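Let's take a walk through a small protein structure together. Have the picture ready and follow along from one end of the chain to the other.

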Amino acid sequence: MSDLAPTSERPGLHVSKPSPSAPATASVVCQCGASATATGDAQVKALVDGYTASHGPAHQRTGR
Ligand SMILES: [Zn+2]
């Protein structure tokens, strides 16, 4: 499934939860160069919230 992960050429957010009993994992790559990964439902939620608040679409809102 690594072909779905974001890269510096295709920035974005990818969340994976392979099974209900497995912890979610997420990876993000922003067009500004920031990248991060998280494992665990709470950590993934925090990562997604932080990314959407400060990166990704937030750059477009602020014109950068
Ligand atoms: Zn960014």
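Start with the parts list: the protein chain has two helices and three strands. Keep in mind as you look that this is a predicted model. Moving from the N terminus, the elements come in the order β-β-β-α-α. If you drew a box around the C-alpha atoms along the principal axes, its sides would be roughly 40 × 25 × 15 Å. The chain has 64 residues, and 17% of them count as buried.

Now turn to the strands. They form an open sheet of three strands, ordered β1-β2-β3, and the pairing is antiparallel. Strands β1 and β3 are the edges, each pairing on one side only. From one strand to the next, the twist averages 5°.

Let's look at one of these pairs more carefully. How many bridges join β2 and β3? Strand β2, residues 25–29, and strand β3, residues 35–39, are held in their antiparallel pairing by five bridges. You can trace them from partner to partner: Thr25 is bridged to Thr39 in β3, and Val29 sits opposite Ser35 in β3. Five residues lie between the two strands of this hairpin, and in the hairpin Gly33 has a positive phi near 110°.

Next comes helix α1, which covers residues 41–54. Here is a check you can do yourself. At 1.5 Å a residue, these 14 residues should span 20 Å, and the C-alpha atoms at the two ends are indeed 20 Å apart, so the expected and modelled spans agree.

Which residues of α1 are buried? They are Val44, Leu47 and Tyr51. Viewed down the axis of α1, the buried residues fall within an arc of 60°, so they line one face of the helix. A general rule helps here: an α-helix has 3.6 residues a turn, so residues three or four places apart point the same way. On the other side of α1, you will find Ala42, Asp49 and Ala53 exposed.

What covers the buried residues of α1? The cover includes β1 (residues 12–16), β2 and β3. This is where the sheet and the helix come together: α1 packs on the sheet and touches β1, β2 and β3, with its direction making about 20° with that of β2. Just after α1, Gly56 takes a positive phi of about 55°.

Finally, step back to the contacts of the chain. Among those between residues at least 6 apart in sequence, 15% join residues at least 24 apart.

Key: Residues numbered from 1 in each chain as written. Predicted model: local features only at pLDDT ≥ 70, side-chain atom pairs only at ≥ 80, totals over all residues. Helix = DSSP H or I, 4+ residues; strand = E, 2+ residues; numbered from the N terminus. Buried ≥ 20, exposed ≤ 12 C-beta atoms within 10 Å, placed from the backbone. Contact = placed C-beta atoms within 7 Å. Pairing = 2+ DSSP bridges. Expected span 1.5 Å × (residues − 1). Arc of directions from axis to C-beta. Axes fitted to C-alpha atoms, helices over the stretch in contact; angles between N-to-C directions.
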